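Hi,

Here is the structure I promised to pass on. Have a look at it first, and then read my notes below with the model open beside you.

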Amino acid sequence: MRSNEYLERSVTCQVPLRWGDMDPYGHVNNVEVIRVLEEARIATFGVPVGTGEQIAPAKIPLFSVLPNGTQALIAEHRVKYLRPLAYRNVPTEVRVWVVSAKAATLELGFEIVDAADGAPCVRAQTQLALFVPETQTVLRITKDQRELLEPYTAPSPF
């Protein structure tokens with residue numbers, strides 16, 4: 001990573017690990033790591049409208065203010081495993097930040113850290129496309145939405 005700026009600009013989420021997330025090697029399976037990223041993304045940006053109940057407020061309320069029916073679709077994941085993420089019976093800390101918000105795509109950066117010692121275990125970047133199924137079109141990110149995201153913008157984790 002080129003900069004530690006993300007530490008100041010990221011939102012921190014606590015995501016519980018499940019006993020069943022472990023693989024035969026005793027660490028959290030790579031498929032479950034993607035689930036952890038998803039849980040952090042929803043905790044950060046909110047439940048997409050019309051897909052569930054938003055009880056706890058989002059840290060950055062973006063998804064909950066999109067037009068009804070808008071989908072935040074994953075276009076790409078990039079994941080780098082720095083060291084095994086061990087199962088702990090306490091939530092793991094996930095740092096989430098915005099890498100870029102342009103046109104109809106949102107790039108997010110993530111860092112998952114070990115709950116025991118705070119060491120980074122995983123760095124990831126996800127590209128989302130905002131899609132409106134009813135019209136079969138992408139939804140452009142507005143100026144107001146970019147302004148909402150700007151304080152949380154930092155360099156890519158790669």
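Before anything else, one bit of vocabulary: a helix here is a DSSP run of H or I with at least four residues, and helices are numbered from the N terminus. Also keep in mind that this is a predicted model.

With that in hand, start at helix α1, which covers residues 5–9. Arg-9 and Glu-5 sit four residues apart in it, so about one helical turn separates them. The two form a salt bridge, and their closest N and O atoms are 3.2 Å apart. As a bit of background, side chains of opposite charge can pair when their charged atoms come close. Is this pair buried or exposed, or something in between? Arg-9 counts as partly exposed at 24% relative accessibility, and Glu-5 is partly exposed too, at 32%.

Now go to strand β4, residues 105–113. Eight of its nine residues are buried, so the rest of the structure largely encloses this strand. What does β4 pair with? One partner is strand β3 (residues 92–102), which runs antiparallel to β4 with nine bridges between them. Another is strand β5 (residues 120–132), again antiparallel and again joined to β4 by nine bridges. If you want landmarks for lining the strands up, Arg-95 stands opposite Glu-111 of β4, and Thr-105 has Ala-129 in β5 as its bridge partner.

The turns between these strands deserve a look as well. The hairpin of β3 and β4 has two residues between the strands. Ala-103 lies in that loop and has a positive phi of about 50°, although it is not a glycine. Ala-103 is partly exposed, with a relative accessible area of 34%. The hairpin of β4 and β5 has six residues between its strands, and there Gly-118 takes a positive phi near 75°. One more residue to check is Gln-136, in the loop between β5 and β6 (137–138). Gln-136 is another non-glycine with a positive phi, near 55°, and at 58% relative accessibility this residue counts as exposed.

Next, the charged residues around Glu-111. Which residues form salt bridges with Glu-111? Arg-95 is one of them, with the closest N and O atoms 2.3 Å apart. That pair links distant parts of the chain, since Glu-111 is in strand β4 and Arg-95 in strand β3, 16 residues apart. Both Glu-111 and Arg-95 are buried. Arg-123 also forms a salt bridge with Glu-111, and here the closest N and O atoms are 2.7 Å apart. This second pair links distant parts of the chain too: Arg-123 is in strand β5 and Glu-111 in strand β4, 12 residues apart. Arg-123 counts as buried at 16% relative accessibility, and Glu-111 counts as buried at 0%. Elsewhere, Arg-18, Asp-21, Glu-32 and Arg-35 are joined into one network by salt bridges that share partners. Across the whole structure, the search finds 13 salt bridges.

You can also come at this region from Lys-80, which is found in strand β2 (residues 71–81). The C-alpha atoms of Lys-80 and Glu-111 are separated by 9.7 Å, and the two residues are 31 apart along the chain. Setting aside neighbours within four places in sequence, Lys-80 is in contact with Cys-121, Val-122, Arg-123 and Phe-158. Lys-80 itself counts as partly exposed, at 45% relative accessibility.

Last, the nonpolar core. The largest one has 32 residues, and those touching the most other members are Phe-45, Val-94, Leu-106, Phe-110, Ile-112 and Leu-149. At least two residues of this core come from each of β1 (11–15), α2 (30–45), β3, β4 and β5. Which strand gives the most to this core? That is β5, with six residues. For a close-up, pick Leu-106: leaving out neighbours within four places in sequence, its contacts include Leu-62, Val-98, Thr-126, Leu-128, Ile-141 and Leu-149.

Happy to go through any of this with you.

Cheers

Terms used. Residues numbered from 1 in each chain as written. Predicted model: local features only at pLDDT ≥ 70, side-chain atom pairs only at ≥ 80, totals over all residues. Heavy atoms only, no water. Buried < 20%, exposed > 50% of the residue type's maximum accessible area, 1.4 Å probe, protein only. Pairing = 2+ DSSP bridges. Contact = heavy atoms within 4.5 Å. Core = buried A, V, L, I, M, F, W, Y, C linked by side-chain atoms within 4.5 Å. Salt bridge = Lys/Arg side-chain N within 4 Å of Asp/Glu carboxyl O.
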